[in-house]
Amino acid sequence: MSTSVFRRNSCRGASCHRRRSSSCFPPGAQAENFSVSLNQPIVSIALRFFLAIDLWLSKRLGVCSCEEAAWGSIRPLVRLVELSGHVAPWLCGAVYTLLRVETAEEQEIMLNLTLALLLDLMMVRLLKKLVRRRMPVQNRSDILSTFFVEKYSFPSGHATRAALCARFLMAQLVDTDSMRVLVLGWASLVSLSRLLLARHYVTDVGFGLAMGYCQYGLVERLWVSWDCLQDILLLKVRERFTRAYSELWTEDWAL
């Protein structure tokens, strides 16, 4: 009798563990296959081993991937942190501030922040289309990432944006150590939220942070001054006026 009770309890525990571990996965989802054959080149074996570690670590960190997960109770708070790194509030805030500020120096900073956000958005979209790495299995049934549907995960746009904005703010606007700590803490929390919610793999976030850090160097090299922008706009207006005047002069001569 004790043997039957033990078997019943062990089967119940196994089924409960199986139900708990698979509760965050969509129906029909399968884990990534990283089987290794010794006939493959050493580079391919090392890459598969590295990706297997990346997958294992990402699964361990995805403790807020669903309400039934280990830390599912704080999932709304983590999603709020995720929202703070989304492109929509940053881009709208930068454009609004650009239209509201009065000094030329502030307008120049906000103009370059807006251009930096647009550059980051285009580069991330391009890389995602080129790499086409599918997002983690846990989120393929929850693909509404804050505002719009995400299909690919490499690199993490939130991570690139967090690193880019953090470096931009510390270089242009933040001038105290306490604010620098807050900015760095915010960027770290936004990047960590992508792993806790199982939105991305660890390599997606790591590469995104490095990419965003380097993007500011590109923005600094291509910095657009307010006077330069005014000269460009004035040149465009002058070209259009000259073209319109020449066309009008040609029509008069034809008549």
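**The second largest pocket, and one face of helix H3**

In the lining of the second largest pocket, seven residues are nonpolar, two are polar and one is charged, where Ala, Val, Leu, Ile, Met, Phe, Trp, Tyr, Cys and Pro count as nonpolar, Asp, Glu, Lys and Arg as charged, and the others, Gly among them, as polar. What we have here is a predicted model, in which local features need pLDDT of at least 70 and side-chain atom pairs count only at pLDDT 80 or more, while totals for chains, interfaces and linings use all residues. Residues are numbered from 1 along each chain as its sequence is written, and side-chain values use heavy atoms, with hydrogens and water left out.

Helices H6 (157–172), H7 (177–196) and H8 (202–221) each give two or more residues to this pocket's lining, which consists of Ala 163, Ala 166, Arg 167, Met 170, Leu 184, Ala 187, Ser 188, Ser 191, Leu 209 and Tyr 213.

Turning to helix H3, which covers residues 75–84, we find Arg 75, Val 78 and Glu 82 buried (under 20% relative accessible area, 1.4 Å probe, protein chains only). Viewed down the axis of H3, these buried residues fall within an arc of 65 degrees, taken from the directions from the axis to the C-beta atoms, so they line one face of the helix. On the other side of H3, Pro 76, Leu 77 and Leu 80 are exposed (over 50%).

As for confidence, the chain has a mean pLDDT (the predictor's confidence in each residue, from 0 to 100) of 78, and 68% of its residues reach 70 or more. Over residues 1–23 the pLDDT is below 50, and this stretch has one contact (heavy atoms within 4.5 Å) beyond near neighbours in sequence.

Key:
1 Å grid on protein atoms, 1.4 Å probe; cavity = no way out; pocket = protein on both sides within 12 Å on 5 of 7 lines; lining within 4 Å. Helix = DSSP H or I, 4+ residues; strand = E, 2+ residues; numbered from the N terminus.
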